[in-house]
Number of protein chains: 2
Amino acid sequence: MIAKKMTKYVEGSSVTRAMFEEGKRLAQKYGASNVYDFSLGNPSTPPPACVKSALADVIENTSPDKLHGYMNNSGHEEVRKAVAVSVNKRFGTAFSQKNIIMTVGAAGGLNVILKTLLDPGDEVAVFAPYFGEYNNYVANFDGKIVAVPPSVPSFQPDCKEFEKRITSRTKAVIINNPNNPTGVIYPEAVIKELARILEGKQEEYGTQIYIISDEPYRELAYDGAEVPYITKYYKNSIVCYSYSKSLSLPGERIGYLVIPDEVDDFENVVSAANIANRILGFVNAPSVMQLAVAQCLGETADISVYDTNRKLLYNKLEALGFECVKPQGAFYLWTRTPEEDDLKFVDKAKEFNILLVPGSSYMCKGYVRIAYCVDTDMIKRSFTAFEKLAASYKLQ
Amino acid sequence: MIAKKMTKYVEGSSVTRAMFEEGKRLAQKYGASNVYDFSLGNPSTPPPACVKSALADVIENTSPDKLHGYMNNSGHEEVRKAVAVSVNKRFGTAFSQKNIIMTVGAAGGLNVILKTLLDPGDEVAVFAPYFGEYNNYVANFDGKIVAVPPSVPSFQPDCKEFEKRITSRTKAVIINNPNNPTGVIYPEAVIKELARILEGKQEEYGTQIYIISDEPYRELAYDGAEVPYITKYYKNSIVCYSYSKSLSLPGERIGYLVIPDEVDDFENVVSAANIANRILGFVNAPSVMQLAVAQCLGETADISVYDTNRKLLYNKLEALGFECVKPQGAFYLWTRTPEEDDLKFVDKAKEFNILLVPGSSYMCKGYVRIAYCVDTDMIKRSFTAFEKLAASYKLQ
């Protein structure tokens, strides 16, 4: 018998699996090129050339004990140093290697920092809609998710509703900027307002409230949009980064945490995060990939294709009468469903071989997420299907 | 403020760090070649040539989306299949890919399976002395460690004491074979006896009790010793493997779980383990290393050096009057301390620039662990120091 805690996950996962199986069934029935799968956040553009050359270089030119051996749980010292230098150069910060912990992707980093901070019953605020895994990560440490309702139609944080929900038990706030699933970017003014509110609440309660900024999409910002670097606005900030999207390496599980000197209880937070990395079973981020990404800092995959896709899909769906949030970042188009029940809409879309994820999966009904990190050609091929879908709702 | 749960870890870690700093201080004062560090289980022998050629091959000849992309949380299908075929060939089992989950090392695998199985308060039996991280892994899921006292001087499981400690709340038993820190191998007769006891207890309580066999040292068995493959002896067995020692890849975090068809509640255990791998933040084992180890199945680093070291050190210490358990596997020499307090003995050894780990760290006082996964030359150089250490206790 599995743990009781796991039973609900297993039940829930059969729904996801059913969706996946349905996709395979459709592809088999209609041919893969006639199925339009917008359900996965899996980068469609290959890693930049530097990844391959960096891997070849480290494999050829690093001594085996260094290349594959144990190191400090926080990662290779010179990798952490190089990451700090790169972040400083780009964002005007002043980090050193002691502020960087290499992690098994952002998912690893989030679990490490939540283990570091949360006692059972501690509250973690999030802004709906949000990545459903946050529920699971927080539950891993018996924390309690407190969701701030969405602010329609901007999908920027609703600061008034946020302020109401911060209590003496609030230990952390997770933000995701640029945002999955909405594609919005929280601008400087919003970040400043969040910081102002939390500073007030920390003083009111005599507590520490940490902002955990989950930033796998940082590099995916369009039309010159700026993604504010959170540590410059709020003292108790921790950044959680991943190379999954920027270097198209989602299968490699490589990222890092930034823990600034300024966070309250800095020495203990860093020590505990280091230990959490070890005892959760990560031990350290994979060695070869640490050394490889250190040679690719500042590089990205060719993410211009996402911008092309963004414009193409947004313009088409708007023209068809769908109401979309214009994406400023990430690679998702957040679209209002023409019928209230987003699950029914997802089923309807499937009739036209279009695979989408319902907003309910992000704790926000009445919307769908359309992932456009796909072949541009597939988007073009999908237009007829979207036209039929729009027509079935008499949108025009 | 960090989580209260983490405070004790941070306090404990300062002891380990002090030990590490002391080693560095000694090396600086006396020169690195005059310090004899036997404290770390870090393989001293390089990976076999196949690792480098496999990495070069997969980087050159795998499409980037396959090489670095997302895959099923359980790992690449063909890697899992290749692992199953290799295990079957070596141990006469009949696994297929559905029985294999690739993991972020054995530490990742242990956390995945404990998350899968444990509800708060569930008991996990272990045999002292044991790897201290088991305490932390079990605590991650609010389980309760139940330690079976050591059986001196064989350090084989004490089956009578074991049987007494199995209750209706026992959910799992962790065994580590070959053993860290004792170097013993549990032979077939012992495994059969453990299986017999657990079958009886399962029937008595109407429960399932899973044996989790942690096997990073499986390949390190000397004098032709056999390490029984647990799934052939007990139905509810799960194997946790790592390539850290066999291929000298501890920094890469690559291993796998074997979950046989025969385990009770198989479908749910596999589904839940898959989900646990995801929600604990591992997501999947690092892709490049999965593909690389699949080309190195059945290979090992040149582990003959450990056998050389084993004989050299065992013979010397026995000749000096120390009481050692003759290692049959792994790369540790488990030695009785000539004074009762192993911490004091470790301090005394340090006076002669010898760094050891006290048995207390493995929940067994009065012993030390001497890791001989080091340069053979260092062992030879250390002999004079061991002679002085023996003399200081008037052992001869």
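1. A good place to start in this predicted model is the spacing inside one subunit: the C-alpha centres of domain 1 and domain 2 of chain A lie 27 Å apart. Domain 1 of chain A is assembled from two stretches, 4-47 and 301-392, while domain 2 of chain A covers 49-293.

2. Next, have a look at where these two domains of chain A meet. Domain 1 of chain A brings 27 residues to the contact, and domain 2 of chain A brings 31. On the domain 1 side, helix 11 (304-319), strand 10 (332-336) and strand 13 (367-371) of chain A each give at least two residues. That side of domain 1 of chain A is made up of 17 nonpolar, 7 polar and 3 charged residues.

3. Two of the elements just named, strand 10 and strand 13 of chain A, also belong to a sheet, and you may enjoy tracing it. The sheet of chain A is open, with 4 strands in the order 9-10-13-12 and antiparallel pairing. Strand 9 (324-325) and strand 12 (357-358) of chain A are its edges, each pairing on one side only.

4. For a closer view of one edge, follow strand 9 of chain A to its neighbour. Strand 9 and strand 10 of chain A are joined by 2 bridges in the antiparallel sense. Which residue of strand 10 is the bridge partner of Val325(A)? The partner is Trp334(A).

5. Helices accompany this sheet, too. Helix 11 of chain A packs on the sheet and touches strand 9, strand 10 and strand 13 of chain A; the direction of helix 11 makes about 10° with that of strand 10 of chain A. Helix 12 (residues 342-351) of chain A, for its part, lies across strand 12 and strand 13 of chain A, and runs at about 45° to strand 13 of chain A.

6. Now to the pair of chains. Chain B superposes on chain A by a rotation of 180° with 0.0 Å of shift along the axis, at an RMSD of 0.0 Å. This is the relation of a two-fold axis. Both copies use the same surface, as 100% of the contact residues of chain B recur in chain A.

7. Finally, the contact between the chains takes 60 residues from chain B and 60 residues from chain A. Several helices of chain B each supply at least two residues of the side that touches chain A, among them helix 1 (4-30), helix 2 (49-61), helix 5 (105-117) and helix 9 (266-279). By residue type, this side of chain B divides into 33 nonpolar, 18 polar and 9 charged residues.

Key. Residues are numbered from 1 along each chain as its sequence is written. Chains are lettered from A and ligands numbered from 1 in the order in which they are written. This is a predicted model: local features need pLDDT of at least 70, side-chain atom pairs count only at pLDDT 80 or more; totals for chains, interfaces and linings use all residues. Domain bounds come from an automatic or database domain assignment. Two residues are in contact if their C-beta atoms, placed from the backbone, lie within 7 Å. Ala, Val, Leu, Ile, Met, Phe, Trp, Tyr, Cys and Pro count as nonpolar, Asp, Glu, Lys and Arg as charged, and the others, Gly among them, as polar. Copies are superposed by least squares on the C-alpha atoms of residues with pLDDT of at least 70 in both. Two strands pair if DSSP finds at least two bridges between them. Axes are lines fitted to C-alpha atoms, for helices over the stretch in contact, and angles run from 0 to 180 degrees between N-to-C directions.
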